[in-house]
Amino acid sequence: SAHLTSPTPTSTSTPPTMTLKNVSALGLLLLLSVLSACASASLPAPVKDTPGFSMLNITSYVVEAVYEQSTLYTLPESTDVYAGSPVRLLHLRGTRQEMGYAYARLIASDVYEIYHQLISQLSMTARLAVERFVDYQWTNFLSVQLPEEYVQELQGIDAGVASLNNRTLKEVGKIVRRVLLLANLPSDLPEDLVPILQDELDRNPDNAFLRRMLAYLQQEDEQKGTLARDPLGLHCSMFAVWGTRTEGDHVYSCRNLDYAPDTGINTHKLITVWSPSDGAYAHAAFGYTALYGALAGMSSQGVSVHEANLEEDLETFSGFPWVLRLRYIMEKARTIDEAQTLWAQTNNTVGYNHMVACEADAAPNGHAAVAMETARNYTAYFLDNDPREANAVHVNSDNQAVHYGDPLPEALYRTNHGYDSFLAEHYQWWTYHAYKWSQERYMMMYYAFMNYTAAERVISTVEALNITSIVGDKSSDASDPVPAAYACADTNTGTNILSVMYDLYNQHAHVAWGKGTGEEWRPAACNTYIMVDLKQFW
């Protein structure tokens with residue numbers, strides 16, 4: 001186990017120091033809570049060291065299957081950590097089509113299994129309606145702007161599936177595309193689909209199917225629940241820190257995915273490494289078998305990519321699917337400037353906060369990360385210590401102007417709200433607890449960085465993991481989730497299903513997934529973080 005530090009949570013007065021304890025489990029969930037604003041920063045309390053979670057360095061990779069140049073590994077040391085369900089690593093090599101082909105040959109049956117495990121929870125009528133909608137949206141909108149590289153990879157998957165000669169698995173290519181679209185859905189369903197369909201109708205005013213679908217979603221009856229039996233409240237977090245704050249000035253960065261917990265997908269944990277033969281940079285993604293893209297990722301050039309939901313009403317599917325767009329950045333960019341140029345050349349879809357961190361830009365007083373606050377046809381770029389963030393004010397439900405931004409130099413952090421004034425006008429969570437919880441987690445990161453500075457303690461692996469684990473959602477108690485952030489209770493609450501911390505200089509990824517099911521389910525931020533040294537796969 002490691003000794004970790006405990007930052008002070010935000011409050012209108014200086015609160016007592018809270019500690020992160022008993023961290024040793026995994027998980028999945030969604031929080032969609034309800035209320036208003038949070039106070040600005042006050043002087044942080046002193047840092048204290050406390051017993052914390054365990055970390056496990058992976059040293060063994062057992063070959064499970066090989067196809068041509070590509071290999072599927074099992075990480076046996078993770079078996080005990082994940083209750084008999086080990087992490088696997090899929091290393092894809094070759095041309096774009098060869099990588100897609102190998103993906104199908106090596107894990108098509110797993111893709112089929114995880115998809116049907118989830119979709120079977122719907123009635124047949126609901127399933128057919130969802131699949132028809134998703135297939136239509138993919139074919140006519142979300143796939144249109146895909147770069148040729150990814151078109152070829154998907155074609156390779158189709159060819160690989162066909163070569164299996166298995167009638168049961170013949171739909172795997174379609175499943176991969178469906179999952180790419182489902183990953184791109186906005187948070188609050190079905191209402192967040194309304195601006196997407198309205199945008200499509202504006203482009204296609206005579207489309208009867210879109211008109212029927214929009215009318216269906218706007219109905220105020222029980223049918224509305226078909227696409228939204230469980231609304232997807234996404235409460236994610238991310239940070240990057242570097243320069244004088246860190247050991248050796250290097251970049252440490254984080255990505256937490258807080259989503260629907262205990263769905264069963266935690267038995268399909270997968271690290272995917274792509275090594276294209278066309279000169280693109282090798283890169284890795286951390287997530288689940290059926291998702292052919294990056295929920296979180298790092299490249300051979302020391303670039304990490306990040307995402308968190310940003311709930312606003314300017315949305316479209318006429319853009320670049322974000323889980324592939326993040327791969328696009330990893331395989332083409334080495335620096336913040338290159339990443340920002342690539343981003344500006346491609347189009348957004350629904351509202352997200354994204355971030356790119358780059359070891360090549362790490363230096364005292366430098367800018368080693370950029371945040372992108374996005375909506376349809378609009379991106380606001382933020383570096384660390386941005387004056388727009390420092391001066392950000394919103395008017396709360398009591399008609400009071402509330403300051404809510406506390407940026408720092410050599411650190412950049414986001415949760416589920418933004419600081420661009422235009423996007424603030426379109427933000428949908430100001431009056432909900434979801435915003436309050438977003439602001440509280442933002443301040444947890446602020447206090448953590450301030451505390452370490454006050455203690456004259458540079459951030460290295462242990463400190464970065466501590467901050468990562470603290471801000472991963474661990475409680476479904478909307479009334480007061482802050483104390484739960486600092487202590488992992490032995491309960492099945494929380495929504496943190498994936499928690500990743502990157503050491504970009506050493507190219508180490510520290511990853512935790514949700515674990516267990518039912519009463520035994522535990523969030524990722526409360527489990528053992530496994531460390532994978534990715535240099536051996538580049």
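Buried means under 20% relative accessible area, exposed means over 50%, and partly exposed lies in between (1.4 Å probe, protein chains only). C254, at 0% relative accessibility, therefore counts as buried, and C236 counts as buried at 0% as well.

This is a predicted model, in which local features need pLDDT of at least 70, side-chain atom pairs count only at pLDDT 80 or more, and totals for chains, interfaces and linings use all residues. Residues are numbered from 1 along each chain as its sequence is written, and side-chain values use heavy atoms, with hydrogens and water left out.

**Exercise 1. The chain as a whole**

Task: Find how many helices and strands there are in the chain, and what percentage of its residues count as buried.

Solution:
- Step 1. Helices (H or I, at least four residues) and strands (E, at least two) are DSSP runs, numbered from the N terminus. The chain has 13 helices and 21 strands.
- Step 2. The chain has 538 residues, and 63% of them count as buried.
- Step 3. Contact means heavy atoms within 4.5 Å. Among contacts in the chain with a separation of 6 or more, 73% come from residues 24 or more positions apart.

**Exercise 2. Two helices that pack**

Task: Describe how helix α1 and helix α4 pack, and name the residues that meet.

Solution:
- Step 1. Two packed helices are described by the angle between their axes and the distance between the axes. Axes here are lines fitted to C-alpha atoms, for helices over the stretch in contact, and angles run from 0 to 180 degrees between N-to-C directions.
- Step 2. For α1 (residues 96-119) and α4 (residues 172-183), the angle is about 65° and the axes are 9 Å apart.
- Step 3. A crossing is left-handed if the near helix is turned anticlockwise from the far one by less than a right angle, and right-handed if clockwise. The crossing of α1 and α4 is left-handed.
- Step 4. From α1 come Y103, A108, V111, Y112, Y115 and H116, and they meet V172, I175, V176, R178 and V179 of α4.
- Step 5. Sorted by class, this contact of α1 with α4 has nine nonpolar, one polar and one charged residues. Here Ala, Val, Leu, Ile, Met, Phe, Trp, Tyr, Cys and Pro count as nonpolar, Asp, Glu, Lys and Arg as charged, and the others, Gly among them, as polar.
- Step 6. Now look at E113, also found in α1. E113 counts as partly exposed, at 45% relative accessibility. From E113 to V172 it is 59 residues in sequence and 9.9 Å in space, C-alpha to C-alpha.

**Exercise 3. The disulfide**

Task: Find which cysteines a disulfide joins, and explain which parts the pair ties together.

Solution:
- Step 1. A disulfide is a pair of cysteine sulfur atoms within 2.5 Å. Searching the whole structure gives one disulfide.
- Step 2. The disulfide joins C488 to C526, with 1.8 Å from S to S. The link of C488 and C526 is left-handed, with -80° about the S-S bond.
- Step 3. C488 sits in the loop between α13 (482-485) and β19 (496-503), and C526 in the loop between β20 (508-513) and β21 (529-533), so the pair ties together parts 38 residues apart in sequence.
- Step 4. C488 is buried at 6% relative accessible area, and C526 is buried at 4%.

**Exercise 4. Enclosed helices**

Task: Explain why α5 is described as largely enclosed by the rest of the structure, then look at α12.

Solution:
- Step 1. Helix α5 (residues 193-203) has 11 residues, and eight are buried, so α5 is largely enclosed by the rest of the structure.
- Step 2. The buried residues of α5 include L193, I196 and E200. They pack against α2 (124-142) and α6 (208-218).
- Step 3. In helix α12 (residues 461-471), nine of the 11 residues are buried, so α12 too is largely enclosed by the rest of the structure. Among these buried residues are E463, N466 and V471.

**Exercise 5. Positive phi**

Task: Locate N399 and Q507, and decide whether each is buried or exposed.

Solution:
- Step 1. Most residues other than glycine have a negative phi, and most peptide bonds are trans.
- Step 2. N399 has a positive phi near 65°. N399 lies in the loop between β16 (393-395) and β17 (401-403), and is exposed at 67% relative accessible area.
- Step 3. Q507 has a positive phi near 60°. Q507 lies in the loop between β19 and β20, and counts as buried at 11% relative accessibility.
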